[in-house]
Amino acid sequence: WWNDVEGVCFPIDMNNATIRYPYLDIYHAMQLAFYINYLYAMVAGIDNRRKDQTAFLIHHLVTIVLVVFSRLYGYMPIQLAMLALHDAADPFLHMAKTCKLIWPWRVWLSDALLVVFAAVFFVTRWWIYPWYLIRSCYASWRLQYPFDWKFAPGFADDRYSLCFGDVCASYFGFALNLL
């Protein structure tokens with residue numbers, strides 16, 4: 001999926017994908033377990049209280065909904081690309097924290113790792129994610145579902161399965177708005 005960004009935005013048959021790529025299910029389950037565990041730790045008070053606790057709770061709830069939603073409706077490529085982009089910078093942050101704890105006299109090493117973290121974070125979350133992933137998915141969404149989120153009385157189509165009164169939307173449109 002990395003060679004064809006537009007191909008990430010199309011639903012896939014999950015039965016064939018999990019047979020062909022069983023490690024994707026393992027990665028998917030690990031990510032879901034991580035976010036559920038972190039959400040539980042925040043709600044139960046096990047984790048330290050932060051100033052932006054509410055934003056963290058909303059972020060983790062939306063991520064859990066997206067992970068489950070993408071697995072159920074075949075949008076796993078989008079979810080995997082999103083999680084990979086969001087997790088790319090994390091190892092550098094954790095290595096910097098570890099180096100600061102293990103070698104407090106070698107500040108240059110943790111500082112260098114924090115610079116790498118900041119660069120990777122900026123490139124993946126502020127450049128690749130919105131300008132490549134979201135933009136290409138938005139373009140394919142407008143082609144596949146031109147009547148999404150529009151008032152259409154009496155409109156019925158199998159692709160539009162979420163209806164709020166007379167406004168119908170596709171699952172893809174709902175997930176894209178969550179992204």
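**A chat about pockets, patches and helices**

Visitor: How much of the protein counts as buried?
Guide: Of its 179 residues, 35% count as buried. Keep in mind that this is a predicted model.

Visitor: Good to know. What does the secondary structure come to?
Guide: There are seven helices and three strands. Starting at the N terminus, the order reads α-α-α-α-α-α-β-β-β-α, with α6 covering residues 107–144 and α7 covering 171–178.

Visitor: I'm after binding-site-style details. What volume does the largest pocket have?
Guide: Its volume is about 770 Å³.

Visitor: And which residues lie nearest its centre?
Guide: Those are Y35, F56, H59, D90 and R125, out of 27 residues that line the pocket.

Visitor: Which helices supply at least two residues of that lining?
Guide: Five of them do: α2 (22–44), α3 (53–73), α4 (76–87), α5 (90–102) and α6. The largest share comes from α3, with eight residues.

Visitor: What's the lining like by class?
Guide: It has 16 nonpolar residues, six polar ones and five charged ones.

Visitor: Switching to closed spaces: how many cavities of 30 Å³ or more does the structure hold?
Guide: One. The space in the largest cavity is about 80 Å³.

Visitor: Which residues line it?
Guide: From the earlier part of the sequence you have L66, F69, S70, Y75, I78, Q79 and M82, and then F172, A175, L176 and L179 complete the lining. The helices α3, α4 and α7 each supply at least two of the lining residues.

Visitor: How many charged residues are in that cavity's lining?
Guide: The cavity lining has no charged residues; nine are nonpolar and two are polar. The lining of the largest pocket, for its part, includes five charged residues.

Visitor: Let's go to the surface. Which residues make the nonpolar patch?
Guide: F122, V123, W126, W127, W131 and Y132 make it, and the patch has an area of about 710 Å². One of them, V123, lies in helix α6.

Visitor: Why does V123 count as partly exposed?
Guide: Its relative accessible area is 33%, and partly exposed means a value between 20% and 50%, so V123 falls in that class.

Visitor: What about Y138, where is that?
Guide: Y138 is in helix α6 too. With 44% relative accessibility, Y138 counts as partly exposed.

Visitor: How far is Y138 from C9?
Guide: In sequence they are 129 residues apart, but from C-alpha to C-alpha the separation in space is 8.6 Å.

Visitor: Now A89. Where does that one sit?
Guide: You'll find A89 in the loop between α4 and α5.

Visitor: Is A89 buried or exposed?
Guide: A89 is buried: its relative accessible area is 1%, and the cut-off for buried is under 20%.

Visitor: How far apart are A89 and V120?
Guide: Their C-alpha atoms are 5.4 Å apart in space, and 31 residues separate them in sequence.

Visitor: One last residue: L39. Which helix is it in, and what about L57?
Guide: L39 is in helix α2. The C-alpha atoms of L39 and L57 are 6.6 Å apart in space, and the two are 18 residues apart in sequence.

Visitor: Why does L39 count as buried?
Guide: Its relative accessibility is 15%, and buried means under 20%, so L39 qualifies.

Note on methods. Residues numbered from 1 in each chain as written. Predicted model: local features only at pLDDT ≥ 70, side-chain atom pairs only at ≥ 80, totals over all residues. Heavy atoms only, no water. Patch = residues over 30% accessible without salt bridge, like charges linked within 9 Å, V, L, I, M, F, W, Y side chains within 5 Å. Areas by Shrake-Rupley, 256 points an atom, 1.4 Å probe, with all protein chains shown as cover. Salt bridge = Lys/Arg side-chain N within 4 Å of Asp/Glu carboxyl O. Helix = DSSP H or I, 4+ residues; strand = E, 2+ residues; numbered from the N terminus. Buried < 20%, exposed > 50% of the residue type's maximum accessible area, 1.4 Å probe, protein only. 1 Å grid on protein atoms, 1.4 Å probe; cavity = no way out; pocket = protein on both sides within 12 Å on 5 of 7 lines; lining within 4 Å. Points joined across faces, edges and corners; volume = space filled by probe spheres on them. Nonpolar A, V, L, I, M, F, W, Y, C, P; charged D, E, K, R; others polar.
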